[in-house]
Amino acid sequence: MTAWTRVCEYTDLLPERGVAALVAGEQVALFRTFDGMLHVIGNRDPFTGAFVLARGIVGTRGGAPTVASPLFKQVFDLRTGECVTEAGAAVPVHDVRCVDGVVEVRLRAP
Amino acid sequence: MNELVVVGNGMVGQRLVDALHERDAGSAWRITVIGEESRRAYDRVALSSYFDGVAATELDLVGAGCYDGVHRTLHLDEAVTAIDRSARTVTTSRGRSLRYDALVLATGSAPFVPPVPGRELPGCHVYRTLDDLDAIRAAAEAAARRRGGRAAGMVVGGGLLGLEAARALRLLGMSPHVVELAPRLMPLQVDEGGGALLRRLIEALDVTVHTDCSVRRIECDRGRLLAVLTNELELDLDLVVFSAGVRPRDELARRAGLPAGPRGGIEIDASCRTPDERIYAIGECAALDGLSYGLVAPGYAMAEVVADRLSGGSAVFGGADTSTKLKLLGVDVASFGDAHARTPGALEVTVNDPVEQTYAKLVVSDDATTLLGGILVGDASRYPMLRPLVGAALAGDPVGLIAPRGSAAADAITMPDTAQVCSCHAVTKGAIREAIAVSALTDVPGVKSCTKAGTGCGSCVPLLKNLLAESGVPMSTALCEHFGHSRAELFDIVRVTGITTFTELVQRHGTGRGCDICKPAVASILASQSRAGHVLDGEQAALQDTNDHFLANIQRNGTYSVVPRIPGGEITPDKLLVIAEVARDFALYTKITGGQRIDLFGARVEQLPLIWKRLVDAGFESGHAYGKAVRTVKSCVGSTWCRYGVQDSVSLAIELELRYRGLRAPHKIKAAVSGCARECAEAQSKDVGIIATEHGWNLYVGGNGGFRPRHADLLLTDVDTATLIRTVDRFLMFYVRTADRLERTASWVAALDGGIDYLRAVLVDDSLGICEDLDAAMAKHVESYADEWAGVLDDPERLSRFVSFVNAPGVPDPSVQFRTARGQRTPA
């Protein structure tokens, strides 16, 4: 487990849009959902190997917050990292918190 | 390998070649086809569409690669002159001698010209081949020029073909006379009641009908023709077309000693074989039990039988459905089964509506439980539902089937599995249902390509939709789990309510927070309203697919490509240099696109604004290659340079591209303008295709390359530039408003009930009363256009999105790696 890394101001984040960040050498995708919640998953799309998930469309599937890969549109649950359109695939999920308006991310051990 | 010689390359002869090619995977037969016409097989049924501006090439029925010169060879402009049955050879007009193991005669038929004195005079024509049509057109134009007005024409024969010919003369600007020996028009297909209505409808179209009448003689009269009818009328004419039926072309077979039927036609048995076991005859030249069929469907069925026999099968020709449905001069006529109630005891149920101008008759069995046949005039929309019911037990009162209007969906369900849905290709309801289930088909184009149903005359297409629905294919129009509406419905909601944000729309009319399906669709709808501002403003930014969000096209390694707009494909050397310098400085892989512009690949997110700064400064604009939007208007150089060009295609292409740039749509839109009929811009494969004519422009719509290629349909002929642009405006706006998400114009046009005719009615005749609205919407689009990339560069807030990492904006994505191929960078 790594330490918390300061990433950006909460207000830098647009609702329902992601950004990519570098945390301890890893590429992560950070999202602010419509309800104000923050989620962080790995930025690598497991289906293509491209680091693009931060650029996907954020939405919901049956109440779960999701992002769709911009390449082939597989949908991932932002809370669990699991792919909801193709069973078996998943991306890592990381910890995120907001301290005094600053967003911090901590990598979870794989 | 066995040698097969086919005499005749008409529709039926070609069908045999195709059917055998399909079955004969091991190539047991080497096929040689001898065709007498100079053109290879074409759609003779659609012959008169030639006068609508449909090019001869569009009527072509020969698939690419059909004649490879090895397994299948075609010789045109060559007639078979003799058959030597003992030597098993044929001799041709070019002196060729060909040996055969099997010989198929598909010589078709010849027009019957009644023995009228004067029928050999110049100005007298028949109506059978494209060459005949060319001759008729030339004669009409020459007469019009000579007289400085309209030519006058007469058609001898008021049957199906005669009325087709009358339509052709109408399209050539004449008000033709039609002379029919029988007491009514189309005597074989319709009865007295139907014939009376048909005559009224046809006469309203400026055609003069003479029934119970024939031509006594034709004579030369001061450079024109004078026809004297048996009703003592004398007509001054420039042109006479004989289309009084056809006679089987059996002379070659007769000379070879093969027997002919009492009314002509090469005698065949149910296996389509002549008494010589190596010789078959199919189509209009053949006669089974003394009967020849003058329709294509029985000919096709015979071709299938022979293909099966040549492949070792034992298929038999079981007689044929002589049902017909056609639009004659815009008047629907259909006739099917025992239309004239010749079955003993048959009853007739008739609905004759003089107000709606429709006539419908059903012929039923004496106990009124079985449908035997029928006639429809004025409105044949029920034909696809009724014809398959022939021979089937009726569930209720037969009159309910013709009045009042029944629901076609319910009718499809009551149809038995053995009922033939597509009579052109003999496809049953059962076969279609099986294909839907086995191949998991979900739409009409899928059914068409899998079963061939609906690819002939097209009249059964509405039934295919119903069969899909009946097979449990979800036909829900809901966009996704967040909206129960179709895209068109959402478009109307947004237009009427004035809603400008996704949040308001989903809260009031949907559930949840959207997804990758509905968000870009709503973004496109909002963008089409021309009141939404820049695509990256406010909440809209979060709706966009990554391509729209970064105004570039994502590639497989996560980088983007950049396409500046090059209207009409015309570019100055100086601007070309700018593109070259930008590509070199950012090490972008460079490729020329099919849309006559230049694609620059391998740009990282943070490089996009730097690249575009240089491009915008040099006068370039966004090419919208990333958007579901108007892409390019491709053009040939046209009359500016080309010795063949008849109009200035480049200027028009540029005008159109600038007019429609930035227009957001359900899918991408491509267009092209060709400066002459040689079609170098490939306009017929585009959503909007324009081809120059001597007098103006022909407008084609709904074409497509790509996954499911489709030739565009001809919408307008010989129009001026203003009319053209007005119609394209309306076409695009109508499509933008009503098409489904990700539906290209090709499938949108194909799915419109009534097809291109309906579209023409809406866009030209304003049948829905929406043209003013469509025109206003397009005017607003044109007026509110602004370059999206300039809009990004001017705005620090928008520019701030273009960073690699939010906490390390200057660090390039380390995962993006390149290698070099042919002197350029490509993804590693």
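What covers helix α15 of chain B? In this predicted model, the cover over its buried residues includes β5 (57-61) of chain A together with α13 (487-497), α14 (502-509) and α20 of chain B. Helix α15 spans residues 518-528, and nine of its eleven residues are buried, so the helix is largely enclosed by the rest of the structure. Those buried residues are Cys518(B), Lys519(B), Ala521(B), Val522(B), Ala523(B), Ser524(B), Ile525(B), Leu526(B) and Ser528(B).

**The nonpolar cores**

Helix α20 of chain B, one of the elements covering α15(B), turns up again in the largest nonpolar core. That core has 59 residues, and the members touching the most others are Phe483(B), Ile690(B), Leu699(B), Phe731(B), Leu732(B), Trp748(B) and Leu759(B). Helix α20, residues 721-738 of chain B, gives the most to this core, with nine residues. There is also a second, separate core of 51 residues, whose members include Val12(B), Ala106(B), Leu258(B) and Ala281(B).

If you would like one residue to click on, try Leu699(B). Setting aside neighbours within four places in sequence, the contacts of Leu699(B) are Val688(B), Gly689(B), Ile690(B), Asp713(B), Leu714(B), Leu715(B), Leu716(B), Leu724(B), Thr727(B) and Val728(B).

**A β-α-β unit in chain B**

Now move to another part of chain B, where β10(B), α3(B) and β11(B) form a right-handed β-α-β unit. Start with strand β10(B): Gly153(B) and Val155(B) point one way, Met154(B) and Val156(B) point the other way, and all are buried. Strand β10(B) runs parallel to β16(B), with four bridges joining the two, and here Val156(B) stands opposite Phe242(B). The pairing of β10(B) with β11(B) is also in the parallel sense, over three bridges, with Val178(B) as the bridge partner of Val155(B).

The helix of this unit, α3(B), covers residues 160-171. How far apart should the ends of its twelve residues be? At 1.5 Å a residue, the expected span is 16 Å, and the end C-alpha atoms are 17 Å apart, which agrees. Buried along α3(B) are Gly162(B), Leu163(B), Glu164(B), Ala165(B), Ala166(B), Arg167(B), Ala168(B) and Leu169(B). These buried residues pack against α2 (130-147), β10 (153-156), β11 (177-179), α4 (192-203), β16 (239-242) and β21 (324-328) of chain B. Just after the helix, Gly173(B) takes a positive phi of about 95 degrees.

For a wider view, chain B is divided into domain 1 (2-110 + 248-310), domain 2 (124-244) and domain 3 (487-544). The C-alpha centres of domain 2 and domain 3 of chain B lie 57 Å apart.

**Four loop residues**

Loops deserve a look too. The table gives the accessibility of four loop residues.

| Residue | Relative accessible area | Class |
|---|---|---|
| Asp100(A) | 77% | exposed |
| Asp289(B) | 75% | exposed |
| Gln189(B) | 12% | buried |
| Val605(B) | 6% | buried |

Why do the two aspartates count as exposed? The cut-off for exposed is over 50% relative accessible area; Asp100(A) has 77%, and Asp289(B) has 75%. Asp100(A) sits in the loop between β8 (93-99) and β9 (102-106) of chain A, and its phi is near 50 degrees, a positive value in a residue other than glycine. Asp289(B) belongs to the loop between β20 (286-288) and α6 (296-310) of chain B; its phi, near 55 degrees, is likewise positive in a residue other than glycine.

For buried residues, the cut-off is under 20%. Gln189(B), at 12%, therefore counts as buried. Its place is the loop between β11 and α4 of chain B, and, not counting residues up to four places away in sequence, Gln189(B) touches Leu160(B), Thr324(B), Ser335(B), Ala339(B), His340(B) and Ile375(B).

Val605(B), buried at 6%, lies in the loop between β31 (598-603) and α18 (608-617) of chain B. Which residues does Val605(B) contact, leaving aside neighbours within four places in sequence? They are Arg55(A), Phe550(B), Tyr560(B), Arg801(B), Phe802(B) and Val803(B). Although Val605(B) and Ile554(B) are 51 residues apart along the chain, their C-alpha atoms are separated by 9.6 Å.

Methods:
Residues are numbered from 1 along each chain as its sequence is written. Chains are lettered from A and ligands numbered from 1 in the order in which they are written. This is a predicted model: local features need pLDDT of at least 70, side-chain atom pairs count only at pLDDT 80 or more; totals for chains, interfaces and linings use all residues. Side-chain values use heavy atoms; hydrogens and water are left out. A nonpolar core is a set of buried Ala, Val, Leu, Ile, Met, Phe, Trp, Tyr and Cys residues joined through side-chain atoms within 4.5 Å. Buried means under 20% relative accessible area, exposed over 50%, partly exposed in between (1.4 Å probe, protein chains only). Contact means heavy atoms within 4.5 Å. The expected span of a helix is 1.5 Å times one less than its number of residues. Domain bounds come from an automatic or database domain assignment. Two strands pair if DSSP finds at least two bridges between them. A crossover is right-handed if, with the strands pointing away from the viewer, the path from the first strand over the helix to the second runs clockwise.
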